[in-house]
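User: Hello! I am new to this structure and would like a close look at its salt bridges. Could you walk me through a few of them?

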Amino acid sequence: MAGLELLSDQGYRLDGRKANELRKVQARMGVFAQADGSAYIEQVSSIKGSRSRTLHDRAVINCQYSMATFSTAERKRRPHGDKKSTEMSLHLKQTFEAAILTQLYPRSQIDIYVKILQSDGGNYSVCVNAATLAVIDAGIPMRDYVCACTVGFVDETPLADLCYTEESGGISSLALALLPRGGQIALLQMDARLHQDHLEAMIEAAMTACKGVSKVLDEVVRQHLQEASSLSKE
Amino acid sequence: MIKTEKILHLKSSRGRKVRVVREHYLRERVPCYSALCQGDCDNEGKVLPGDLTHYVVPDVGIVLDFLEILEFRELQGIIFTQTACQAVQHNKGRRQYNRLRNLLKDARHDCVLFANEFQEYSYCPREKGESQEKWQTRCVYSAAVWYYNHLAGMKNIVMVTDDSDAVAQYSSLNSGVYVISMQEYLHNFWLDVRAALELYSSIAQALQEREGEVSEREYSEHLPHELLEAGIKSGRYLLGILNVNKHRAQQEATVTTQISSNKNISGDVLVFGSKHRNRAVYGDSVVVELLPRGEWRGRATALTETQGEERSAEDPSSQTMPTGRVVGILQRNWRDYVVTFPTREAQSQSRNSQKILTVPWDHRIPKIRISTTQANALQDHRVVVRLDSWESTSLYPNGHSVRVLGRAGELETEIQTILIENCISVPPFSEAQVRLRLLPIYLFFSEVTARRDLRESHLVFSIDPAGCEDVDDTLSVRSLSGGRLELGVHIADVTHFVREGSLTDLEARARATTYYLADRRYDMLPAVLSANLCSLLGGVDRYAMSVLWELEADSLDVASVWFGRTVIRSSYQLHYELAQALLNGEEAQVPELNPLTPEERDHRLTQLTQALETLTHVARHLRAQRDRGGALELEGMEVRAQLDSEKNITALVPRQPLEVHETVAECMIYANHWVAYKIQEAFPHQALLRHHPPPRQEYFSQLQESARAHGFSIDTSSNKALALSLEQAVDPQDPEVNRLLRMMATQAMSQAMYFSTGALPADQHYHYGLALDRYTHFTSPIRRYADILVHRLLMKALEQEAGLGIATASNRELEETAQHINNKNRAAQRVQKLSTELFQCLFFRDRDPQTDPSCVSDAVIYGIRDNGVLGLAHCDWTILQKGVQKCVPFSDGRVKVRISVLSNRCHADSLLLQLIRNLPHESQSPAPGQSQPKVQLVQEVRRQAEEASQQKASLKGRLSREERQFCQSKQPNLYSLLEEIRELALMDAEAGAEKMCATTA
């Protein structure tokens, strides 16, 4: 059937959310012992592991993005270094160069590895959120949380946090990474056509969504701290 | 919000089955849209009233099969579940789904949508091994139960399903929730809605038939949807709308391709024969596959008699064109059709099966098979039917009857037929729609102070056809202190009375325009508004929307412009002849001045004359400005009715177009133009404008050929060039030639259309005919809905300027409305043309063509085909008899013809012209008489129509009731008459001259 109705007349989306509602986010920090810091985030039922190593001579940030073969509906072998993941790695790198206080680590390299375990849309933004948690877990100082969110545009309404069906529905979407406290934009990416007049509304919606995400992340971090401190007390 | 997961089994693009897990969010608060709600739901928009006996929740199957019944306005309190809506979307396609959506949006229907699958307690996940149907039924039932509990048991809920297992399973589970079948439901609750019951049995029968059918195949199967889409993408198939040739409906159809990725195919694809058409019906969006080049054929150019049987012999065809066959249908585009039941003799063979082949009124639609038990009662009647299906095993599509219109050949039946065939529904206005805000008669002080008061300061007057009752435009002009001029156009403030979203507004939007038929009109607004409250009558205070320009004294450039709401009092209600007489300095009686003393009268008269003169001066300047840009003037003729004291028409005389017509029109165009600027400036993407795309060059070929035959050349490269060369193409001996050429140019024009500015790139906003870069309709809100929209937009633009944040309709909504208005306008034009033809046929039907002198008239030949010629007699393009091609070179294609009626039981009658003799050019009567025949015809048809209706009224008492119902003003009203005649003159061909002609502005 051609043209799924992404936003019904009553204002519901396909999965029952309203236009500005985010998906439910669940996250854990400190999942792996091998890495300096790691996190698992489920916003899309996707997992990201991330660890950072300190090496070499200056604060270079190195990102690697990959997807598990079983991450999408159809199994597909995904070799490393294909065009898509290289691009994604580059985006992540740019985002985090803007957020991490790199000058504090001269002559070192920070590696961020992200792996999508299951993908249901918004890969980039979930990667950013997961990496943020991992970097925090590793104790690397950042200017602020980096929160990202995708926003789509349907029937003159911006939809926050697209799921896979919405993303593939042929609508123009935009990904935005934000440092919420200062309201600075770390990265803005869009490769669809959109009228200039609507851009402002989209960015506005994306910023609100990012702020929502940052609240969730903040809670996760605080809870993790509490757990960790109570553990260490014992 | 609670998150669950939904497991779906879908087919992937390669056809493999995939198990997909999707997130699914539930919430506690889902609005119930009931007035009885106990949990203060967030009920916005439509709300079900609390005073009904019950609410009804139809099952998925019911919504799929019997949506038509649920569309009856009498059925109230319907709750559609989301489950059912989704099923409609998946199983029935977009068209049916949109119908359901419109039903839900329409405030006149008492029905709401409940998002049951997003409600925490009414959602039930599908269990393992449960069939889709069972699960859907369970979902709907649980929604019904939720409603009962949510309303705290105050309202009984009836769930309607045709699944007998479900009735047995659920009916005794809950006390307040009844589960019954559709038939039972209609019998128990809506026994008085007979039409619904009849429709039910008709549909049920059609459904039963469908199940019990097995026979061999008549057509090849359609390909599955995925294959079609893949084929279109790869360029193997082409997508387009099927268009059937009216004159050879069984054989020839073309598909107008939309975007063709296939480079060597441009334009239309021919589909020849019913096998290749493969069950597609006129208007469907189909997918075609091209045949190998060897099988391509040409379009037939020979004339056939309209009734003629298909000839098996090869027609001599023109050059071959791409030919294809239909492999699948993407979207059916079925509407209601009017059919005629055959007579008893023709029925006899098929009697036993109870299935009857009926013949649609529209030639382009195939015969429709209908199962009915009332065949005897219905013979020779016109009946509205709907198509249900067309299986590959059946030669003809299956349908069911919806309602009976009446006996074929009767005036009332035929008029209704024309309306339904064009999808126009004009029920009489209901109480509530007329009631609106019944205050006015006098003005409110608060309202007056909020507006600019022009009653004392401005001399306002209107110029309309004599006897006009809905005056929607008035003019004013005055000199300001600095030598500047102030020109004002004041338009009736309809939006003050018709609030957005009110019942009146909804009805007006649905109608979109006032329909002018040959003998009646259907108003867009109730008569209270159109003829009284909104109408800017002379001597009374009225609200208006005004545009005031300040013009420089000499150059007449616009110094400033003011838009806004005003109060005016029109001082003079002039008509065109009177105004022209004043301008010419002739003695004229202005009725408004009669009671005054002579000195006073003279003073006032000079004042008025002066104003008119200034106005004319300004208008000339504006016109010249537009002419420089390349505005076109196309042929139109006006007719004036002479009345006796009782307002009966005694004669129609042709009128020389007066300059004052042009003056008024020019001012209106100017106002429209400026308003268009204003609203586009304020809402760059949501303004309703009107554009007129340049015509396609190939349409001019006939015009150029004809012009060449007379020794003229027509340059069609731009509107300016066209206007210029048309002006030069004047044969001093035969003024008729220029008129004809202009008419042919009109035919070549494309149609002017409304659009929302966000939907088209800026370079397509141009109005070709008027040579303006932006144009809209602002000046006739009483009879056009577009103008009402523009008024609202203008008001919002002004409020926005004043710093109020105002939300307007989105671009998409506006574009939808614009398309709707365009469609309705087209339908209105067609209806008008058809009804005129109907009356022509009624006129000639009772006359013997051999003896009656009125059946012989002059005609002009405008085109030659292989075996005949196309001729023009009076105002009507008609096919001449075949076999006369040796008679004429075009240049002196004057002939005498005899007119007779080709009557046709199932379709509309048509006129047949028979050639009697050639007229040598010299013997043609001189210029003054040329327009006479046309005018006479109009007059006679008119009289005939009146006689007919009077006869009917006197003979049959039962008809008079219907007449009261349909004719909104019983005595044909003068305005409609004038309107009709004018439009008739303008629209010699169906290509609407409306957009071209300044007078309609």
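Analyst: Happy to help. A residue counts as buried when its relative accessible area is under 20%, and as exposed when that area is over 50%. Please keep in mind that this is a predicted model.

Let us start in chain A. E166(A) and R13(A) form a salt bridge, with 2.8 Å between the closest N and O atoms. This pair links distant parts of the chain: E166(A) sits in helix α3, R13(A) lies in the segment before β1, and 153 residues separate them. E166(A) is buried because its relative accessibility is 0%, and R13(A), at 2%, is buried too. The bridge also has company, since R13(A), D15(A), R17(A) and E166(A) are joined into one network by salt bridges that share partners.

Now to chain B. Here R236(B) and E289(B) meet in a salt bridge, at 3.3 Å from N to O. R236(B) is in the loop between α7 and β8, while E289(B) belongs to strand β11, 53 residues apart. R236(B) counts as exposed at 53% relative accessibility, whereas E289(B) counts as buried at 16%.

Another chain B pair is R335(B) with E421(B), whose side chains meet at 3.0 Å, N to O. R335(B) lies in the loop between β14 and β15 and E421(B) in helix α11, so this bridge ties together parts 86 residues apart in sequence. Both of these residues, R335(B) and E421(B), are buried.

For the wider picture, the count over all chains comes to 36 salt bridges.

Definitions and conventions. Residues are numbered from 1 along each chain as its sequence is written. Chains are lettered from A and ligands numbered from 1 in the order in which they are written. This is a predicted model: local features need pLDDT of at least 70, side-chain atom pairs count only at pLDDT 80 or more; totals for chains, interfaces and linings use all residues. Side-chain values use heavy atoms; hydrogens and water are left out. A salt bridge is a side-chain nitrogen of Lys or Arg within 4 Å of a carboxyl oxygen of Asp or Glu. Helices (H or I, at least four residues) and strands (E, at least two) are DSSP runs, numbered from the N terminus. Buried means under 20% relative accessible area, exposed over 50%, partly exposed in between (1.4 Å probe, protein chains only).
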